[in-house]
Amino acid sequence: MQGAIGTILIQILRFALYLALQVFVVSRLAPDGLFGLGWCFLYLGFLLFLPINTPIVLQLVLGFVMGIALDIFFDTGGVHAVASVLVAYLRPWVLRLLTPRDGYDSADSVNIHRMGWQWFMVYTVLLLGIHNAAFFFVELGGLRSIGLTLGKIIVSTLFTGIVLLIIQLVFFSTRRSSR
């Protein structure tokens, strides 16, 4: 039981850390984004790096709570919540699509050192691209200015992906699981 409580506490701390970093650090460092074209959605690291065996209902709730918290802080009217819930909903499908030949261990979490560069990059770019497409098209309210919106999607995906890659390389364990 202590293991489960410890895991829950760690996830609560991770949630608070990602939210605080997004609200108080990332948004202050680049308030207009990268050249006004790309934004770093660091909070997605929380959703993307959840343990693989996290139930989908819990992922949806966490995605909604994270998104609505950001919508409250940034007064964005539900745009973060929509995009976060979509990522939380599609994450199990993407994990199933990218399942290694030997499958996942029950204790696995998304980790570049355990899964490998190629797996991590496909997983991250796919889910970040989906999030950014949903975010920018919902924010825009339609399909006008498609060129600028596609530019924002691509630059934001690359920007956020590079930041999440750095976080993985610096803060996540380098121990490989034995398969």
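So, the largest pocket: how much space lies in it? In this predicted model, the answer is about 550 Å³. If you have the structure open, the place to look is around Thr7, Gln11, Arg14, Leu50 and Pro51, since those five lie nearest the centre of the pocket. The full lining runs to 24 residues.

Which elements give two or more residues to that lining? They are helix H1, residues 2–29, and helix H3. H1 gives the most, with 6 residues. For those of you already thinking about probes and chemistry, the lining divides into 13 nonpolar residues, 8 polar ones and 3 charged ones.

Now let's turn to the outside of the model. There is a nonpolar surface patch of about 890 Å². Its members are Ile56, Val57, Val61, Phe64, Val65, Ile68, Ile72, Leu86, Tyr89 and Trp93. Two elements give two or more residues to this patch, namely helix H3, spanning 56–74, and helix H4, spanning 79–97. Which of them gives the most? That is H3, with 7 residues. You may notice that H3 has now come up twice: H3 gives two or more residues to the pocket lining, and H3 also gives two or more to the patch.

Let me pick out three patch residues, and we can go through them one at a time.

Valine 57 sits in helix H3. Buried or exposed? Its relative accessibility is 57%, and the cut-off for exposed is over 50%, so valine 57 counts as exposed. For a sense of distance, take valine 57 together with leucine 17: they are 40 residues apart in sequence, and their C-alpha atoms are 22 Å apart in space.

Valine 61 is in helix H3 too. Here the relative accessibility is 44%, and because that falls between the 20% and 50% cut-offs, valine 61 counts as partly exposed.

Then there is leucine 86, which is found over in helix H4. Why does leucine 86 count as partly exposed? Because its relative accessibility is 30%, again between those two cut-offs. Leucine 86 also gives us another distance to keep in mind: its C-alpha atom and that of isoleucine 52 are separated by 17 Å, with their positions 34 residues apart along the chain.

To recap, please keep two places in view while we talk: the pocket of about 550 Å³, where H1 gives the most to the lining, and the nonpolar patch of about 890 Å², where H3 gives the most. Thanks, everyone, and over to you for questions.

Terms used. Residues numbered from 1 in each chain as written. Predicted model: local features only at pLDDT ≥ 70, side-chain atom pairs only at ≥ 80, totals over all residues. Heavy atoms only, no water. Patch = residues over 30% accessible without salt bridge, like charges linked within 9 Å, V, L, I, M, F, W, Y side chains within 5 Å. Areas by Shrake-Rupley, 256 points an atom, 1.4 Å probe, with all protein chains shown as cover. Salt bridge = Lys/Arg side-chain N within 4 Å of Asp/Glu carboxyl O. Helix = DSSP H or I, 4+ residues; strand = E, 2+ residues; numbered from the N terminus. Buried < 20%, exposed > 50% of the residue type's maximum accessible area, 1.4 Å probe, protein only. 1 Å grid on protein atoms, 1.4 Å probe; cavity = no way out; pocket = protein on both sides within 12 Å on 5 of 7 lines; lining within 4 Å. Points joined across faces, edges and corners; volume = space filled by probe spheres on them. Nonpolar A, V, L, I, M, F, W, Y, C, P; charged D, E, K, R; others polar.
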